[in-house]
Structure formats: structure tokens, C-alpha cells
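Work through the exercises below with the model open beside you. Try each task before reading its solution.

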Amino acid sequence: RRKNLYFPLFEKYLAKYGMPDELKYLSIIESGLNPRAISRARAVGLWQFMAATARRYGLRVDQWVDERLDPEKSTFAAASYLRDLHRQFGSWWLAQAAYNAGEMKVAKAIKGTGSDDFWVLSKSRYLVRETKEFVPQIQAATMIGRDPAHYGFEPTDTTM
């Protein structure tokens, strides 16, 4: 139900940067579209930003304000971060993996395997299970999101 609230916002920023529309599904995997989600690792918000990454992308995170909880500001930051990751790695799959694991872990995996193919990296010991499963989860969410009835999901009331 929350997709009707958040997807138009996500689509606006993804289109603004010429990024694939499918990246909006990353937030479903990260937070279940819960703007108040907090992970075990203390990542927060729709896009599950760690405090340091959030600050790097212009979000205020301090004892008074946490802009990771702001859907508009965090979406702008997430789109900027994903765009930068794509520029760094040249692949949306690697950008998604780096969004989950961090740039250094993906760079180390590329160096260790000698490959810049996510699917090769996912079979290596260089990425943790969570990251290996992250990209396929986004792909699955995308497929389901495009045709929910085909996968046994029934439409729900979209009013919040």
C-alpha cells in the first residue's frame, strides 16, 4: 500500500537523473517502504542510510535532527548515492551491491576475483550472503511490482 505514497517521489528523482525506474524497488528491500525503519546496524529510513553516508550526501544527522527520516531529502540523497556508485562501478547491479555492502567491499571483491560482473562476485567469498542476495531480491521485487497478480498478490486498498 505504501508504494502509492512513495513511488511517485522516487520516480521523480530517478527520472531527474536518468536512472532506471527499477531502482525504486531497492527501498522495498531496504525498509519495506517504512520511513521509520531502523536496522540492527543503525541504518535509518526508507533508504536505510548509515549516519556517515547520510552526512556525506548532505543529510543532517545529529541529536536534534535526523533527515534520514525525511522521505524527500533521503530520496534525493539515495538517488545521488546510487548515481555515484554507478559512475564508480559502471553497472547498476554493482551499484546496488555497493549500496548494501559499501564501495570498498565491492571494490575488494572486484580486485579479488578479477571480474566486474556481479554474478561472478556473488559466487565468490568476497561478498557476504546478505549482499549476494540483495540484487536478486531487488530483481524479484521489481518483477512482482510490475505484475503482482501474476505472482499471486492481490490488490489492496491503497489509501493510507
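Helices here are DSSP runs of H or I with at least four residues, numbered from the N terminus. The model is a predicted one.

**Exercise 1. Place Met 143 and describe its surroundings at the surface.**

Solution.
- Step 1: find the element. Met 143 sits in helix α8, which covers residues 129-146.
- Step 2: classify the residue. Partly exposed means between 20% and 50% relative accessible area. Met 143 has 45%, so it counts as partly exposed.
- Step 3: look for nonpolar partners. Met 143, Tyr 151 and Phe 153 together make a nonpolar surface patch of about 310 Å².

**Exercise 2. Describe the overall fold and check its dimensions.**

Solution.
- Step 1: count the elements. There are eight helices and zero strands. Along the sequence the pattern reads α-α-α-α-α-α-α-α.
- Step 2: take the extents. The C-alpha trace spans about 50 × 45 × 30 Å along its principal axes.
- Step 3: compare with a globule. A compact globule of 160 residues would have a radius of gyration near 15 Å. The chain has 16 Å, which agrees.
- Step 4: check burial and surface. Buried residues are 41% of the 160. The accessible surface is about 9,200 Å², and carbon and sulfur atoms hold 53% of it.
- Step 5: check the range of contacts. Of contacts with a separation of 6 or more, 43% join residues 24 or more positions apart.

**Exercise 3. Find the largest nonpolar core and say which helices build it.**

Solution.
- Step 1: recall the principle. In soluble globular proteins, nonpolar side chains tend to be buried together.
- Step 2: find the core. The largest nonpolar core has 39 residues. Phe 10, Leu 26, Trp 47, Phe 49, Leu 85, Tyr 99 and Val 106 have the most contacts inside it.
- Step 3: assign helices. At least two core residues come from each of α1 (3-16), α4 (71-89), α5 (92-101), α6 (103-113), α7 (118-121) and α8. The largest share, seven residues, is supplied by α4.
- Step 4: zoom in on Phe 49. Leave aside neighbours within four places in sequence. Phe 49 then contacts residues including Val 44, Leu 59, Arg 68, Ala 77, Tyr 81 and Tyr 99.

**Exercise 4. Is α5 largely enclosed or open, and what covers its buried residues?**

Solution.
- Step 1: list the buried residues. They are Leu 94, Ala 95, Gln 96, Ala 97, Ala 98, Tyr 99, Asn 100 and Ala 101.
- Step 2: draw the conclusion. Eight of the 10 residues of α5 are buried, so the helix is largely enclosed by the rest of the structure.
- Step 3: name the cover. The cover over these buried residues includes α2 (26-31), α4, α6, α7 and α8.

**Exercise 5. Examine the salt bridges and the exposure of each partner.**

Solution.
- Step 1: get the total. The whole structure holds 10 salt bridges.
- Step 2: take Lys 24 and Asp 21. Their side chains form a salt bridge, 2.8 Å from N to O. Lys 24 is buried at 6% relative accessible area. Asp 21 is partly exposed at 35%.
- Step 3: extend this pair. Glu 11, Asp 21 and Lys 24 are linked in a salt-bridge network.
- Step 4: take Glu 103 and Arg 56. The closest N and O atoms of this salt bridge are 2.6 Å apart. Glu 103 belongs to α6 and Arg 56 to α3 (residues 51-56), so the pair ties together parts 47 residues apart in sequence. Glu 103 is buried, at 17%. Arg 56 is partly exposed, at 49%.
- Step 5: take Glu 67 and Lys 73. This salt bridge has its closest N and O atoms 2.8 Å apart. Glu 67 is buried, with 15% relative accessible area. Lys 73 is partly exposed, with 39%.

**Exercise 6. Locate Arg 83 and list what it touches.**

Solution.
- Step 1: find the element. Arg 83 is in helix α4.
- Step 2: list the contacts. Residues up to four places away in sequence are not counted. Arg 83 touches Tyr 17, Met 19 and Trp 92.
- Step 3: compare with a residue elsewhere in the chain. Leu 59 is 24 residues from Arg 83 along the chain, and their C-alpha atoms are separated by 16 Å.

Methods. Residues numbered from 1 in each chain as written. Predicted model: local features only at pLDDT ≥ 70, side-chain atom pairs only at ≥ 80, totals over all residues. Heavy atoms only, no water. Patch = residues over 30% accessible without salt bridge, like charges linked within 9 Å, V, L, I, M, F, W, Y side chains within 5 Å. Areas by Shrake-Rupley, 256 points an atom, 1.4 Å probe, with all protein chains shown as cover. Salt bridge = Lys/Arg side-chain N within 4 Å of Asp/Glu carboxyl O. Buried < 20%, exposed > 50% of the residue type's maximum accessible area, 1.4 Å probe, protein only. Core = buried A, V, L, I, M, F, W, Y, C linked by side-chain atoms within 4.5 Å. Contact = heavy atoms within 4.5 Å. Rg over C-alpha atoms; globule rule 2.2 N^0.38 Å.
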